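Here is a walk through a two-part protein model, written for someone opening it for the first time. Keep the structure in view and follow along as we go.

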Amino acid sequence: MADRAALEELVRLQGEHVRGLKQQKASAEQIEEEVAKLLKLKAQLGPDDTKHKFVLKTPKGTRDYSPRQMAVREKVFDVIIRCFKRHGAEVIDTPVFELKETLTGKYGEDSKLIYDLKDQGGELLSLRYDLTVPFARYLAMNKLTNIKRYHIAKDFDIAGQFDPMIPDAECLKIMCEILSSLQIGDFLVKVNDRRILDGMFAVCGVPDAKFRTICSSVDKLDKVPWEEVKNEMVGEKGLAPEVADRIGDYVQQHGGVSLVEQLLQDPKLSQNKQAVEGLTDLKLLFEYLTLFGINDKISFDLSLARGLDYYTGVIYEAVLLQTPAQAGEEPLGVGSVAAGGRYDGLVGMFDPKGRKVPCVGLSIGVERIFSIVEQRLEALEEKVRTTETQVLVASAQKKLLEERLKLVSELWDAGIKAELLYKKNPKLLNQLQYCEEAGIPLVAIIGEQELKDGVIKLRSVASREEVDVRREDLVEEIRRRTAQAPCAC
Amino acid sequence: MPQLGLLPKRAWAAIFRQLLRPPRCACPQAVRCHSQAAESVLTSQLKSHQETPNFVIKTPKGTRDFSPEQMVVREKILDVVVSCFKRHGAKGLDTPAFELKEMLSENYGENSGLIYDLKDQGGELLSLRYDLTIPFARYLAMNKLKKMKRYHVGKVWRRESPTVAQGRYREFCQCDFDIAGQFDPMIPDAECLKIISEILSGLRLENFLIKVNDRRIIDGMFAVCGVPESKFRAICSSVDKLDKMSWTDVRHEMVAKRGLTPEVADRIGDYVQCRGGASLVEQMFQDPRLSQNQQALEGLRDLKLLFEYLTLFGIAEKTVGESVRVTETQVFVATPQKNFLRERLKLIAELWDAGIKAEMQYKNNPKLLSQLHYCEHTGIPLVVIIGEQELKDGIVKLRSVASREEVHVKRKDIVIEIQKRLSES
């Protein structure tokens, strides 16, 4: 019907309009209004009686992990978790959704990005947006005052009242250890402090009410040149040009501990209590980072702002460096791979008595790292094995299925990773080919004559060399061979 | 066979108690800000909970957090499971937590009421995955795969009425192993049973029985007993209750609720109360009625083959106390003196750089006694003690927490000495 087609077209256009608004980060009210219009239109369409084509895909913005990608992921997680454990962290887990109220009011402008669950008559729920707010909830619920924990090979946090900057320094040390072990290239960790930012805005003359929004403009300096940021602050956010210029003088600076010293002498900044607090802590932090041997990887960067609202002190972000096109140029940061900071007020929001539990933590950008590692492996043309199988149990002649089943079972019972083809009478060539494709290093070949002699032929897939091994010695021999040459995956 | 650590029965009982601990709740009444920084963060954008006086801090109904102790147990269990899957050559797979709503609602029939939907926020209609099987089927179809042996460990979500005491949750972890593809009969099936057996043994749950049957035998049996075809599924679910209810009760349900005649019910009873191994399969082959039914015969033949393979797999017929440590820290860096923070920081960095798991207290001037207590409490085996006098002589003390013995080690040799000790233990 023409009416229906017209309505469907309206729905499609409105849907695109909504998507556009979300991309432009329009105001929450505006988006809500347009979504309501969209839902009304959809309701008019009524129940869809026509059998629509079944769309075979994952939801927008999500993806499956193929076995190859899982292998890469496992390697990366292994490096990360080993580091967390080396620093004495415990692990916790929390549900994938929280009560909607738990997440309300914690994320500022990002709240509109939260996935809500449909109201199905029970509690109102939302999918967790990060692992930090659930962690704060966990601390408050269990009345914990200190814990050092990691969560899913991604997040690491230290909660508790301790002597200043030692845990903060450990977080940075962990970030550097992980990024170095992953061998994804040179990196830099930018460090700043919320108090320095706020102090700086105050002395430049930014009105209190505009702090957060100016902050998010400054945050764009890693992607966009100063002129553009200045235009946004003056043109869109109504900042006086002189104020913007004063901000510009500060935020374009970055350096080491000498910059901290310099700013402590700055006539305006040194009058601001907050800024001085932040600078003093940063100075102490740099001392500890030097003792930890990582100060050459750290840059005090006044343009680092970080989006989330719950940070109260030091903040940091690690970026990978692209080797510069010309000598003498500074390396370009190409996207953040890890970040974090101190958030002292979050747990207090959950605790019934408002008891504060200071926290500092970091989050590893695992998705970005997976892509980078995958690309690197592809570039090196390194084969990534998707299984860990060590031996294929094969037969050279027909009617040997029973023998294969017995042997593979013995190998499994001895803890050896083994497979067999699900065919009664497979051809030897096919079995060997299977090994080559899957990267299985050894084949245990059962043959009629060998059975009579009480031996199994053990063949190395790579060298094609075969030896006869006595049945009772096979497990030992396989163990010996696989221990010497650990899987090259 | 990989074993699950060295835990005697009572330690296991203690651990399971931990796992079943109910979630806690707390009710905040007011929120106070204490520092200028927290104030500026809280006042500008964030709402305080003074606006919602009835806010209860808890996890959603039917879900729970896992404490570090519970995670240790969970990780050990998953390790046994996943290493078994890998040992059998399965590939790992992962899929998103949510799927397109139509993907799920079309496939679960009467269970679709139990699916968690995401709110319609103007985009695609989505639902949280209900199991790992539909996503697997979708993956195979999307990637046009005809064969795959895969495992998938992940959480799934179901809006069931949660009875926490019975271990039923709305969010729980599934460990799936599936073999997709056309192969010679019963070999993959036998491998699945072998895997179940290896995992249960690996978890030290050795007193188990695997019950096996076949849909075709069940349907054939119903047919020869005289069950009307339309009642097949209903009678099936009654028979399924035999592991919890007595035959008399089940029979009663079939006659009174499902409308079966008593004679038909009795005939079913003659069959379903049978239990046995390969010999029972033989017996059924000889059964005058069942042997006339094509379906049943097919099922029986496959079961016979299965039992042969299971025999070859060896499954046809089924401490030393150690407390549960929640961290793997190997060395603690301590000092009895004031103002030795820098020395501790330098030393611990050397240990970390050498790959050694180490911790220290986040205090400028900690007391030695509390540091040693901490080690005993958390099970850390070694302590390096940095003291003033020893440092002047270029020496630190290495102490075994268990034996309390201390030796002097040259500062420059401490990393090597610790590595030696750790590899010996």
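## Chain B at a glance

Before any counting, a word on terms: helices here are DSSP runs of at least four residues, strands are runs of at least two, and both are numbered from the N terminus. With that in hand, chain B has 16 helices and 10 strands. Bear in mind that this is a predicted model.

How much of chain B counts as buried? Of its 425 residues, 46% do. Chain B also exposes about 21700 Å², and carbon and sulfur atoms supply 51% of that area.

## Where the chains meet

Now look at the place where chain B and chain A touch. The contact draws 111 residues from chain B and 112 residues from chain A. The size of an interface is often given as the accessible area lost when the parts come together. For chain B and chain A, that comes to about 10300 Å², with 59% of it on carbon and sulfur atoms. On the chain B side, three residues stand out: Leu312(B), Trp352(B) and Tyr362(B) supply 9% of the area that chain B buries against chain A, more than any other three residues.

There is plenty of polar business here too. The interface holds 35 residue pairs in polar contact, counting pairs with both residues at pLDDT 80 or more. It also has 14 salt bridges, while the count over all chains comes to 69.

## A few salt bridges up close

Let's pick out some of the bridges that run between the chains. Arg73(A) pairs with Asp94(B), and their closest N and O atoms are 2.9 Å apart. Here Arg73(A) sits in helix H3 (residues 67-86) of chain A, and Asp94(B) sits in the loop between strand E1 (91-92) and strand E2 (98-100) of chain B. Both Arg73(A) and Asp94(B) are buried. Asp65(B) and Arg137(A) also meet through their side chains in a salt bridge, at 2.8 Å from N to O.

Another bridge links Asp116(A) to Lys119(B), with 3.8 Å between the closest N and O atoms. This pair crosses from the loop between helix H4 (100-103) and strand E3 (125-127) of chain A to the loop between helix H4 (101-105) and strand E3 (126-128) of chain B. Are these two partners buried or exposed? Asp116(A) counts as buried because its relative accessible area is 8%, under the 20% cut-off. Lys119(B), at 41%, is partly exposed.

Salt bridges turn up inside chain A as well. The side chains of Arg355(A) and Asp351(A) meet at 3.4 Å, N to O. Arg355(A) is partly exposed at 39% relative accessible area, whereas Asp351(A) is buried at 4%. Elsewhere, salt bridges with shared partners join Glu74(A), Glu388(A), Lys417(A) and Lys86(B) into one network.

## Helix H12 of chain A

Next, find helix H12 of chain A, residues 273-291. Its 19 residues reach 28 Å from the first C-alpha to the last, close to the 27 Å expected at 1.5 Å a residue. At the N-terminal end, Asn272(A) acts as a cap, with a side-chain oxygen 3.1 Å from the backbone nitrogen of Gln274(A). After the helix comes Gly293(A), which has a positive phi near 75°.

Several residues of H12(A) are buried, among them Ala275(A), Gly278(A), Leu279(A), Leu282(A), Leu285(A), Phe286(A) and Leu289(A). An α-helix has 3.6 residues a turn, so residues three or four places apart point the same way.

## A buried leucine

Leu346(A) belongs to helix H13 (residues 346-350) of chain A. Leu346(A) counts as buried because its relative accessible area is 2%. What does Leu346(A) touch, leaving out residues up to four places away in sequence? The list is Lys106(A), Thr132(A), Val133(A), Ala136(A) and Tyr310(A). The C-alpha atoms of Leu346(A) and Phe135(A) are 9.6 Å apart, although 211 residues separate the two along the chain.

## Two loop residues with positive phi

Most residues other than glycine have a negative phi. Gln183(A) goes the other way, with a positive phi of about 50°. Gln183(A) lies in the loop between helix H6 (166-182) and strand E6 (187-193) of chain A, and is exposed at 57% relative accessible area.

Chain B offers its own example in Asn339(B), whose phi is positive, near 60°. Asn339(B) lies in the loop between strand E6 (331-334) and helix H13 (341-353) of chain B. Asn339(B) is exposed too, with a relative accessible area of 63%.

Definitions and conventions. Residues numbered from 1 in each chain as written. Chains lettered and ligands numbered in written order. Predicted model: local features only at pLDDT ≥ 70, side-chain atom pairs only at ≥ 80, totals over all residues. Heavy atoms only, no water. Expected span 1.5 Å × (residues − 1). Buried < 20%, exposed > 50% of the residue type's maximum accessible area, 1.4 Å probe, protein only. Polar contact = N/O pair within 3.5 Å; in protein donor to acceptor, adjacent residues only side chain to side chain. Areas by Shrake-Rupley, 256 points an atom, 1.4 Å probe, with all protein chains shown as cover. Contact = heavy atoms within 4.5 Å. Buried area = accessible area lost by both parts, 1.4 Å probe. Salt bridge = Lys/Arg side-chain N within 4 Å of Asp/Glu carboxyl O.
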